[in-house]
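Thanks for coming. I have one structure to go through today, and I will keep to the side chains inside it.

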Amino acid sequence: MNKTDETPEPKRPREKAAPAPRAERRLIGIPVSAGVAIGPVFGAAEPQTVVSRAKIAATDIQAETARLDAAITQSRKQLLKLRARLGILPEDSQAEIAPLLDAYLQMIGSSRLVRGVRRRVADTLVSAETAVVDETDALAEAILTLPGDDDRAGRKRRAEEVREIGRRLIRNLTRAPFRSFNALPAGALLVCESLRPADAALLDPSRLAGVATDEGGADGHTAIMLRALGVPAVLGVAGLSQAAKPGEVIIIDGVTGVVTLNPEPATLVAARRAVTAYARELQKLASLRRLPSVTSDGEVVELQANLEIPAELPLIAQSGASGIGLLRSEFLFMNRETLPDENAQAETYRSIVEAMSGDPVTIRVLDWGGEKEIEALQSEGVVPEAADLNPALGMRGIRLLLRETDLFETQLAAILRAAVAGPVRILLPMVTTVAEVRTAREIYERVIRRLRRRGERLPEKAPPLGIMIETPGAALSADALALEADFFAIGTNDLTMYTLAVDRGESEVSNLYDPMHPAVLRLVQFATEAALRMRMPVSVCGEMASNPKLMKLLVGMGLRSFSMNASAVPRVKQAIRALDIDDCARFARRVMEQSDPLRIREMVMGTPPAG
Ligand code: PEP
Ligand code: MG
């Protein structure tokens, strides 16, 4: 029986008996985390996701089919995106990768595979995941035992393609982490199509030498996480996961954004030199740790660190940062089946506050939404399974917390309890209106009263309640918001994204993502001036704060506090110590007179724009 008669056979290059040695190939992506890494590629192919078999009731067929359809649409979108980006690769690379992606796209279309999965859900009353596993197994088996075809290698390859599509569908159905990193050998370079922020949080930087992916943007949360872990990384490298073969040695250059496949001996020698030079530079920078962060004319500039996961605490201690300016609490909610309760959260916050030994800690309440997926919020029914049509503009940050007040109150209570261990501030994400801050403060005060009634030990003075300025709406209402908030933290990542309408994690439009665009700078300036007029603390905690070259401009605007990934602190301190305040103010005035982003880049970075 020929079970595969309807599965189209894609066009593919003819197979050669003995492959010729492959030439060195350089692919370019977005450098997101500095350092150079040399090592073997860790499995570019997806491992099988473990799926527990499940039956469904007849009344659930429609809902289950809808889940399946959503996963098919998502898979199709992912593949089309990969296909569209191949254009920037050299022709020989395109010729190698395109047929494979076409084969996947055909299989995810109206194919025998998709129809078979749908039929299994309806006829045998099993979950979509179970149906995918059963159908791909049956189809792969049928291909392998196809009569009258002695192209065994070809059959094996087609069976593997069917399984690969099955794995993609299951990943999109279960939203399972992209891969398990348990088997990652020490010194390996992780190469994959995309890496979610939650997956990046699971990486062990002591084993992992570098990361490179096909997808991703400069200031997405995956990039932020990789910088935080100090792992050299390049994202947005079109075609990489198909071109890089598991086990082969490649070079990832997190400074230039070049990923070299099949490096020639001379390229390897140069890369090894770069690794040594980078390590030496880090050692030199470490000597700045004990020096104060002051300008050459004696003005103190506060440099704090951002923290995503507690594992970063030792890096923060080594960096010389004078506190945590942004604790992104969402990472404490990720990669777990249930939400952490008040005690568990209080314990985590307290241990971080204690570890900072009296240095201030700014804890941002949960900023769910956008690309930050949290399974436990979905499984506990707090947020819907299917994402909003436009998640970055939907139920995100403070909006969710004001709707799910239990979630908000639990977190506030936990933070308040931890605040007896040291100076703490509380930060609200994604604020756009004055009303949000007022309502949040009412809830905050209610929680304080409740904890007092419960006899909890609390700090004498309630921790300040501040807001992120990360939407154009907040920046332009900064004067009104300054009357409600106790401090501002300017989040330039989202501010850039929302101002320029460019997704910060999207490689295809990454050339338009420009924090130095005059529109973004004017909003930063407007918010800063509103805070300074009120004598209210204001800091920058977006990725702009970790760029030493931007210090002259930002200090010139009047900013005196920055929070950044820990590894950036020494370099930023070095830049601060070379500044003169009057000079900065003059420079900022000149830059802010400009309206051409390229001219601004030239002035700030000190180099003429490319192209
Ligand atoms: C920002 O948007 O700049 C910010 C600091 O918040 P996050 O990166 O966590 O969205
Ligand atoms: Mg943000």
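**A buried asparagine, then the cores**

Start with N493, which has a relative accessible area of 4% and is therefore buried, the cut-off being under 20%. This is a predicted model, so keep that in mind throughout. N493 sits in helix 18, which covers residues 492–500.

What does the side chain of N493 have for a polar partner? One of its polar atoms lies 2.7 Å from the backbone nitrogen of E543. Setting aside residues up to four places away in sequence, N493 touches D219, I224, R328, R504, Y513, G542 and E543. E543 therefore turns up in that list as well as in the 2.7 Å pair.

Next, the nonpolar interior. The largest nonpolar core has 134 residues, and L203, F488, L553 and F562 have the most contacts inside it. Domain 1 (25–47 + 183–285) and domain 3 (323–464) each supply at least three residues to this core. Apart from it there is another core, of 47 residues, including I72, I108, I170 and V191.

Take F562 from the 134-residue core. Leaving out neighbours within four places in sequence, F562 is in contact with V301, E302, L303, Q304, V540, A545, M551, L554 and V555.

Last, the cysteines. How many disulfides does a search of the whole structure find? Zero. Two cysteines are worth pointing to on the screen. C192 is at 0% relative accessibility and so counts as buried. C541, with a relative accessible area of 1%, is buried too.

Note on methods. Residues numbered from 1 in each chain as written. Chains lettered and ligands numbered in written order. Predicted model: local features only at pLDDT ≥ 70, side-chain atom pairs only at ≥ 80, totals over all residues. Heavy atoms only, no water. Core = buried A, V, L, I, M, F, W, Y, C linked by side-chain atoms within 4.5 Å. Buried < 20%, exposed > 50% of the residue type's maximum accessible area, 1.4 Å probe, protein only. Domains from an automatic or database assignment. Contact = heavy atoms within 4.5 Å. Helix = DSSP H or I, 4+ residues; strand = E, 2+ residues; numbered from the N terminus. Polar contact = N/O pair within 3.5 Å; in protein donor to acceptor, adjacent residues only side chain to side chain. Disulfide = S-S within 2.5 Å.
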